[in-house]
Amino acid sequence: MAKAKVSDIQNNESGLPGQYRTWFLDYASYVILERAVPAIEDGLKPVQRRILHAMKEMDDGRFNKVANVIGQTMQYHPHGDASIGDALVNIGQKDLLIETQGNWGDVRTGDDAAAPRYIEGRLSKFALEVAFNAKTTEWQLSYDGRKNEPVTLPMKFPLLLAQGADGIAVGLATKILPHNFCELIDASIKYLRGKRFELYPDFQTGGQIDVDEYNQGKRGGKVKVRAHIEEMDKKTLAIRSVPYGVTTTQLMDSIVKANDQGKIKIKKVTDNTAAEVEIQVDLAPGISPDITIDALYKFTDCEISISPNACVIVDQKPQFLAVNELLKLSTDKTKDLLEQELKIKLAELQEKWHYTSLEKIFFEEKIYKELEKKHATWEKVLEAIDEAFKPFKKQLKRAITREDIIRLTEKPVRRIYKLDIDELNDQIKGLEGDIKQVKHDLANLVDYAVAYFENLLKKYGKGRERKTEIKTIEVIEAKHVAIANTRLYMNREEGFLGTSLRKDEFVVECSNLDDIIVFTKGGIMKVVKVGEKTYIGKGILHAAVFKKNDERTTYNMIYMDGDSGKSFAKRFNVTGVTRDKEYFVAKEHEKSKVHYLSVNPNGEAEIVRIILTPGSKAHKKEFEFNFADLEIMGRSSKGITVTKYPIKADGVKLKEAGKSTIAGKKLWYDDQFGRLNADEKGQYLGMFDADEKILVVYNDGNYEITDQELTQKLDAEKVLLIEKFDPEKIVTAVYADMDKKQYMVKRFKIETTTLKNQFFFIKEGEGNYVEAVTTDAEPILAVQQGRGAQIRKGKMKLEKVAELAGWRTVGTRLLDYSKSVEMEWVKPKGSSQPELF
């Protein structure tokens, strides 16, 4: 038998390539259109639509076993019961279209629903109102031709945006995040009114979301979602929510994993979730809760990034749309459906008016008596009745048909005798009023649609308020929050540095994310990653954790130039380098060497004693050198000549520790994130020396003294006052005593010295809070009371109202409490904010 040529097979559509081309395309199209991607018309995938249709057929107001619903749906859905059951539970857990009974699982914990035979469900009143109308539904045969099923449901609500959707098809995927029920309705109303609107995701699980890069849900956008973490005390944290798509079990696993990897340090994590989410995290001794909160966001599933990808089926094709476009299309579809319903209702009312008018004329004008006359045939009877109607046809709105006359003749005789003409007149009058209203609604369709949405909000909006807080989420640098989880060692003589050199000299505890800066006796500087064993160069002088862009740490150095033999002194900073690159901080020469190196975190400049070699020709073989006489230069600077004579080995000794020669550190407070920073973000606090502290006063009645640590996080929503701490300043505070319904004022000095410990300085009582606080020397408070024509304004010099007392005192009564009272500090003349130098 002759072998077939390859080209013949390729050109044959029945061959493998041809089959692959057609079958794969068919399969891909089927998965996209029939499985994974929702339709724009009703926001549902086929399995979801078939479930809802089956439940509508079963609906009698009572709950149905989920197992029965699955069985009913299998008449329409050509797949197994498992896929139907999973889709049904998914719809039920979203608490919108299905009213559930029994254990339907928990999206927060990841607990599965009970078996279908144990749980029940029925369509919600909301679903029955917005999703079904047989008169406006387009129908098609089911997969086996036995039943009719809807092509799409006549959905009069942006369901796709309310529920969200996930799906993976062949060559594409869709991910539409859920949005808030009430906000969707408000947005639909705004769109109908021609106003601008914005839509942002909202999750059942709550938490926080950053929507700065949401990009209306289009491809390329992303949102950051966070759990809400509270500091219960200095040793315990509580996670009060989980990010969307993350369960409590997954979250706890990620925390345990981060702990095992040394990224965080905790004692244990406990799931106390019941009606509300609560995961308790017990911290290891000595670990900062602020840093741990940031580390949880950085290294665990407490913060995740989600990339939306809104893909829907439009005209039997997948399209990528923005959520604003989806809402507009859905709202337009709702308006069209409402118009269809009104037109159908108008036609029904007009038909009813026509027949009721016929009936009234038929009996009122005694046309029914034609039935009593003897006519040759039944057709003659019908013709006689039609003829009798001729004088009244102008009163009608359409022609009288044969079917109309037959229907009149089928009236039972007893009905004729009992007929109340007045009742028919009332019916006609009522029908005319209804027709007028429907015509008005059709003429004012936008107003009618707005009223429809407003009614939905009124009936179903309660309890569906936003659960996810929209806020800007700060970017957390891993190096800033990484826990010191490893120990670094070095072998000075052989020039090795690493975590595995445990028999050698200990350097520092650090994180495996840190960079290490190293100096050698040969004048080489190098920055390397933390590793098990790294060769630097023989004769290591100094190794420490490197802080990028650090302009305060100053290196004081005396080195010998190997070329000239002279010794030079220099001071320099190291702000930025290329990792693993060698930099020469001394003259590049094989004989160059460093005599002295000191590291000064605040630019300190010490005095050293220099001893020359005994054989030196210098008359003075011992002298002092003060680094304060040097300017801080770049690391590649040569420096100034100290001596042209050789210096004795170990001949440079510290004589006197130095003081800082650089200005204090400028600090700002960013009230958006509750962070101190040196990046000029937020409120400028002033220039700080190394040992100066910060005073923070909160509206809940606490104050604390804290340091300049940039990793700490303050409760921005509670901070009333933050400034450089001056123990001589007097704090003047006005607080509300809710028990006695009055405002109190007190003046005191800060007498406590414990850092980062809050002290409660107002009277204890439920609802008490601080209204205003200042450290002005002459505190003047402007007060406005009353509303409208009853407004009273005045100024109070509080130093004359309250005497200076201890911080624990109750204070002096100022005025009666009222919600209409407004207070504002009046800055005395000559006062100003801290100056920027």
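Buried here means under 20% relative accessible area. With a relative accessible area of 9%, threonine 775 falls under that cut-off, so this residue counts as buried. Keep in mind that the model is predicted.

## Around threonine 775

Threonine 775 is a loop residue, placed between β43 (769-774) and β44 (780-785). Its side chain makes a polar contact of 2.6 Å with the side chain of glutamate 723. Setting aside residues up to four places away in sequence, threonine 775 touches Leu695, Leu721, Glu723, Lys729, Ile730 and Val731. Glutamate 723 thus turns up both as polar partner and in the contact list.

## The four-stranded sheet

Next comes an open sheet of four strands. Their order is β39-β37-β38-β42, and the pairing is antiparallel. β39 (719-724) and β42 (759-760) sit at the edges with a single partner strand each, so one side of each has no neighbour in the sheet. Further in, β37 (residues 694-698) and β38 (residues 702-706) pair in the antiparallel sense over four bridges. One pair to look up there is valine 697 with its bridge partner in β38, tyrosine 703.

## β41 and its partners

Now for β41, which covers residues 742-749. Is this strand mostly covered or mostly open? Mostly covered: seven of its eight residues are buried. As general background, strands of a sheet pair through backbone hydrogen bonds, either parallel or antiparallel. β41 has pairings in both senses, with β40 (residues 730-737) antiparallel and β46 (residues 804-805) parallel. The table puts its pairings side by side.

| Partner of β41 | Sense | Bridges |
|---|---|---|
| β40 (residues 730-737) | antiparallel | eight |
| β47 (residues 812-816) | antiparallel | four |
| β46 (residues 804-805) | parallel | two |

If you want residues to click on, alanine 733 stands opposite lysine 746 of β41. Methionine 744 has arginine 813 in β47 as its bridge partner, and phenylalanine 748 stands opposite alanine 805 in β46. The hairpin of β40 and β41 has four residues between the strands, and lysine 741 takes a positive phi near 55° there.

## Helix α8 and the cores

Helix α8 takes in residues 181-192, twelve residues in all. From first C-alpha to last, α8 reaches 17 Å, close to the 16 Å expected at 1.5 Å a residue. Asparagine 180 caps the N-terminal end, with a side-chain oxygen 3.1 Å from the backbone nitrogen of cysteine 182. After the helix comes glycine 194, whose phi is positive, near 80°.

Which residues of α8 are buried? They are Phe181, Cys182, Leu184, Ile185, Ala187, Ser188, Ile189 and Leu192. These buried residues of α8 pack against four other helices: α6 (125-130), α7 (159-163), α11 (323-364) and α16 (445-460).

In soluble globular proteins, nonpolar side chains tend to be buried together. The largest nonpolar core of this model has 94 residues, and the members that touch the most others are Leu88, Phe126, Phe157, Ile239, Ile255, Leu326 and Leu456. α8 gives this core its largest share, seven residues. A second, separate core has 18 residues, among them Val697, Ile750, Phe759 and Trp807. Val697 is also the residue that has tyrosine 703 as its bridge partner.

Back in the largest core, take leucine 326 as an example. Leaving aside neighbours within four places in sequence, leucine 326 is in contact with Ile40, Leu160, Leu161, Ile176, Ala310, Val312 and Leu321.

Glycine 85 is a helix residue too, in α5 (residues 81-93). Glycine 85 is buried, at a relative accessible area of 12%. Its C-alpha is separated by 9.3 Å from that of isoleucine 51, and the two are 34 residues apart along the chain.

## Two glutamines with positive phi

Most residues other than glycine have a negative phi. Glutamine 216 goes the other way, with a positive phi of about 55°. Glutamine 216 sits in the loop between β8 (208-210) and β9 (223-226), and at 36% relative accessibility this residue counts as partly exposed. Glutamine 316 also has a positive phi, of about 65°. Its loop lies between β15 (311-314) and β16 (317-320). Is glutamine 316 buried or exposed? Glutamine 316 is exposed, with a relative accessible area of 58%.

Notes
Residues are numbered from 1 along each chain as its sequence is written. This is a predicted model: local features need pLDDT of at least 70, side-chain atom pairs count only at pLDDT 80 or more; totals for chains, interfaces and linings use all residues. Side-chain values use heavy atoms; hydrogens and water are left out. The expected span of a helix is 1.5 Å times one less than its number of residues. Buried means under 20% relative accessible area, exposed over 50%, partly exposed in between (1.4 Å probe, protein chains only). Contact means heavy atoms within 4.5 Å. A polar contact is a pair of N or O atoms within 3.5 Å; within protein, one must be able to donate a hydrogen and the other to accept it, and residues adjacent in sequence count only if both atoms are side-chain atoms. Two strands pair if DSSP finds at least two bridges between them. A nonpolar core is a set of buried Ala, Val, Leu, Ile, Met, Phe, Trp, Tyr and Cys residues joined through side-chain atoms within 4.5 Å.
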